[in-house]
Amino acid sequence: EWLVSGDLQAGDTLFFSYSGHGSQVRCRDGSEEDQRNEVLVPCDYRTGGIIVDNYIHEVFHDRLPEGVRLICVFDCCHSGSVGDLPCQRDFQFSFDDAEDDDALLGAIEPEEEPEENLARYLDIDGEGTEPPEACRDISLPLDQPKDVYMVSGCQDNQTSADATIDGLRQGAMSWSLLSTLKETDFTIKYEDLLESMKKKLKTRGFDQIPSISTTQEHLFRGYFLANAPVLSVDPIEIPAPSPELGASKGVFLADFTDATPDVMRVGLGWSWSEGGEKIDLDAGAIFLGADKEKIAVAWWHDKEPEELNEAVKHHGDNRSGKGEGDDETITIDLGKLPEEVKYVGVVINCYEGENLAAVSDAYCRLYNAETPENDLARIKIGSDPEKFGAKALLMGVMHREENRWYMLGAAQPAEGKKATDNVDECQDFITRKLSRPVPKAIKPLKARVLLPDGGSGGDTIEVFTPGGYDVSLTLPDDAEPGSVLQFEL
């Protein structure tokens, strides 16, 4: 009574342990399925009486404040249903010897104790203490279930053994419980705790079968003392999808509703041609509205178009391809683009030189400015005259679908040495490829995560994505250790 009273707050955890004598008394009103009430027999039972399961339930369940958790451990005989809680694991009813008074007394009867005196303390024959109140039917759900766990040393029809284990005199169930908790650093689910205890007792030759009872089935998946692990999950290594962009290949770029920055960058790189001819390539971006009307074009002659609200910047013209890495770049902040911008075409122009096929080691790539080492889309420009024998190339078209941006690959030869020359070809591509519903291939990246032992539903884990970000993911409530979960990134 003291334990569940006083200044308790929601979130508090209480612990009660009893290692001692346990027994059973006859249930007179038929409310117990095995016709017996389970009782604790404390040291002062001759003067203070026994403690009946009805009273244990009343104190530890009915009087427990809302939001307070209670864990009880009963390492005593006949303790399987001593808390009268409705949800049990490994609990068995037995009707053996239901009419045998000796069986009811045997657990505590001293050899020299007259049976009639013991019967008076246990209230078997109706004399002495008042009969216990009717025990609630534990097969029925509770009106207001509390957060209560009862760990019992054995079944109602069994005894809970004392033993010398590892040189120490102790209860067998207490040993199995404590050794399991130490081995798992006190981080284990109740259902797993019970399985470990059973195996340990069976391995040591004990016949008793421990059980755990609680008020709701899902609580068995909770952690002992609510000591859930702090997860550090290594996701399954998933190779990033190939960024090589072909015709009609779709790529997910950005989502305005997540925390990932939505600043894209176009990077163009090339080298001197093998024959030493000077080649001048240019990167350009064509911005169109929902009706494919031209809004602006960003290229070396118009590096920061006023129409785009400082969301776009061309970082300068490179006329030779000299230098390492990207030779020309364009930064596009998708989140700052005017609402009327629906499409962004990315083009490469050969301003000086015969055509794109004459260039050496050329490429154009698209990546998030925060993770320049991870290409979202990339196209290699080679010496094949059939593919690259023109003065320009439409790499692909970025397009907005509600809160998300995608790119659809084009890899389409075009004419003109300036990006402004390719507006009509970009519009034609959109008419042919993007005036219909978005192809099914264009969808966000997905990642599969292997949930390790120790993970459970509702936990938040960190996943490193192929795009180079640490993303927080909340596991669904029914997640189980060892399962493979798929998330949309």
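Analyst: One term before we start: a residue is called exposed when its relative accessible area is over 50%, buried when that area is under 20%, and partly exposed in between. Also, keep in mind that this is a predicted model.

User: Cool. So is E1 buried or exposed?

Analyst: E1 has a relative accessibility of 51%, so E1 counts as exposed.

User: And what does the E1 side chain meet in a salt bridge?

Analyst: The partner is R63, with 3.4 Å from N to O. R63 sits in the loop between α2 and β5, while E1 is in the segment before β1, so this pair ties together parts that are 62 residues apart in sequence. R63 is partly exposed, because its relative accessibility is 35%.

User: Why would two side chains like that pair up at all?

Analyst: Side chains of opposite charge can pair when their charged atoms come close.

User: How many salt bridges are there in total?

Analyst: The count comes to 14 salt bridges.

User: Show me another one. What does D255 pair with?

Analyst: D255 forms a salt bridge with R404, at 3.0 Å from N to O. D255 belongs to strand β11 and R404 to strand β21, so here the tie is between parts 149 residues apart in sequence.

User: Is D255 buried or exposed?

Analyst: D255 is buried, since its relative accessibility is 8%. R404 comes out at 22%, so R404 is partly exposed.

User: And what about E401, who's its partner?

Analyst: That's K342, at 3.8 Å from N to O. E401 is in strand β20 and K342 is in the loop between β16 and β17, so the bridge connects parts 59 residues apart in sequence. E401 itself is partly exposed, with a relative accessible area of 26%.

User: Which residues get joined into a network by salt bridges?

Analyst: D326, R365, D375 and R378 are joined into one network, through salt bridges that share partners.

User: Okay, changing topic: helices. Why do you say the length of α5 makes sense?

Analyst: Helix α5 covers residues 172-183, which is twelve residues. At 1.5 Å a residue those should span 16 Å, and the C-alpha atoms at its ends are 17 Å apart, so the two agree.

User: How many of its twelve residues are buried?

Analyst: Nine of them, so α5 is largely enclosed by the rest of the structure. Among the buried residues are M173, W175, L177 and L181.

User: What covers them?

Analyst: The cover includes strands β1, β5, β7, β8 and β9, as well as helix α6.

User: What's going on just after α5?

Analyst: D185 is there, and it takes a positive phi of about 55 degrees. In the loop between α5 and α6 you also find F186.

User: Is F186 buried or exposed, or in between?

Analyst: In between: F186 has 33% relative accessibility, so it counts as partly exposed. Together with F15 and L225, F186 makes a nonpolar surface patch of about 250 Å².

User: Back to that positive phi. Where else does a residue other than glycine have one?

Analyst: E310 has one, with phi near 60 degrees. You'll find E310 in the loop between β14 and β15, and it is exposed because its relative accessibility is 74%. A411 isn't a glycine either, and its phi is positive at about 50 degrees. A411 is in strand β21, and at 30% relative accessibility it is partly exposed.

User: What about α2, how many of its ten residues are buried?

Analyst: Seven, so to speak a mostly covered helix. The buried ones include I56, V59 and F60. They pack against β1, β3, β4, β5 and β7.

User: Last one: how many disulfides are there?

Analyst: Zero. Take C77: it is in no disulfide, and the nearest cysteine sulfur is that of C154, 5.8 Å away. The cut-off for a disulfide is two cysteine sulfur atoms within 2.5 Å, so a pair at a distance like that doesn't count.

User: And are C77 and C43 buried or exposed?

Analyst: C77 is buried, with a relative accessible area of 14%. C43 is exposed, at 83%.

Key:
Residues are numbered from 1 along each chain as its sequence is written. This is a predicted model: local features need pLDDT of at least 70, side-chain atom pairs count only at pLDDT 80 or more; totals for chains, interfaces and linings use all residues. Side-chain values use heavy atoms; hydrogens and water are left out. Helices (H or I, at least four residues) and strands (E, at least two) are DSSP runs, numbered from the N terminus. The expected span of a helix is 1.5 Å times one less than its number of residues. Buried means under 20% relative accessible area, exposed over 50%, partly exposed in between (1.4 Å probe, protein chains only). Contact means heavy atoms within 4.5 Å. Patches are made of residues with over 30% relative accessible area and no salt bridge: like charges are joined within 9 Å, nonpolar side chains (Val, Leu, Ile, Met, Phe, Trp, Tyr) within 5 Å. Accessible areas come from the Shrake-Rupley method with a 1.4 Å probe; for residues, only the protein chains shown count as cover. A salt bridge is a side-chain nitrogen of Lys or Arg within 4 Å of a carboxyl oxygen of Asp or Glu.
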